[in-house]
Amino acid sequence: SSDLLTNLLLHLACVLLLAGLLERWTANRLLALGVAGLFAVHPVNANAIAYIAGRADPLALAGMLAALLCFDAHLRQPRPAAFCAGPLAFAAALFSRENAMLFPVLLLLTTAVIFPDKKPVRRALLLALLVVAFHYWRREVLLLQDKQVLANPALPFLDRVTVALRSLATYLGLLVWPAHLQMERQTLTGPPWWLGALLLTGFLAALAWTRRRLP
């Protein structure tokens, strides 16, 4: 159907953007194509491609990858066009799905690793202001749609942290063994939270070691 074709084309756009970004970062076309090819065919992406409701995922990812490419181009050779296009691409990602609100953190981390001599804080703060504005706008829209939608108390902070760590462990596991794929998963249960914390700590330690030993 046309909806499936649209999702496939969006997924292809994400694959091409990812390949281009990795080639710029690694200067290794074969490695970039290999990683992008694995992303292209990995079964875990089936939920976002096979369902119309999953279209928000490739839309948000395409926007974030395009924003990273724009900021990467600006850092290598400062140009107003690239600098202005980055926030626009990020805004498109935000309006596609709310999880793009984490993009300023992603930009801060990738810039610190790829361009350690640059100062990414100002760019990240600029995008963080955009996130704050989007948050309040989205909140007002939800209130206008349904005044009860924000009436229920949110989960306590510690519960939200444990849910995030459980989700991290769940989806990292699906990257290795993509079985029992489905649209919705129960995040209040699942792998223990400490497993997600251990995996996150190991990833950050490996990132720090790589930056020191293999800049």
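This passage describes the fold, overall dimensions and two local sites of a predicted model. Local features require pLDDT of at least 70 and side-chain atom pairs pLDDT 80 or more, whereas totals for chains, interfaces and linings use all residues. Residues are numbered from 1 along each chain as its sequence is written, and side-chain values use heavy atoms, without hydrogens and water.

The protein contains nine helices and zero strands (DSSP runs numbered from the N terminus; helices are H or I of at least four residues, strands E of at least two). Along the sequence the pattern is α-α-α-α-α-α-α-α-α. The radius of gyration, taken over C-alpha atoms, is 18 Å, which agrees with the value near 17 Å for a compact globule of 215 residues; the globule rule is 2.2 Å times the number of residues to the power 0.38. The C-alpha atoms fill a box of roughly 50 × 45 × 40 Å along the principal axes.

Of the 215 residues, 28% are buried (under 20% relative accessible area; exposed is over 50%, partly exposed in between; 1.4 Å probe, protein chains only). About 14,000 Å² is exposed by the protein, 70% of it supplied by carbon and sulfur atoms. Among contacts (heavy atoms within 4.5 Å) with a separation of 6 or more, 68% join residues 24 or more positions apart.

D72 is located in helix α4 (residues 56-76) and is buried, with a relative accessible area of 2%. Apart from neighbours within four places in sequence, D72 contacts R24, W25 and F115. By contrast, V176 in helix α8 is exposed, at a relative accessible area of 69%.

Technical notes:
Accessible areas come from the Shrake-Rupley method with a 1.4 Å probe; for residues, only the protein chains shown count as cover.
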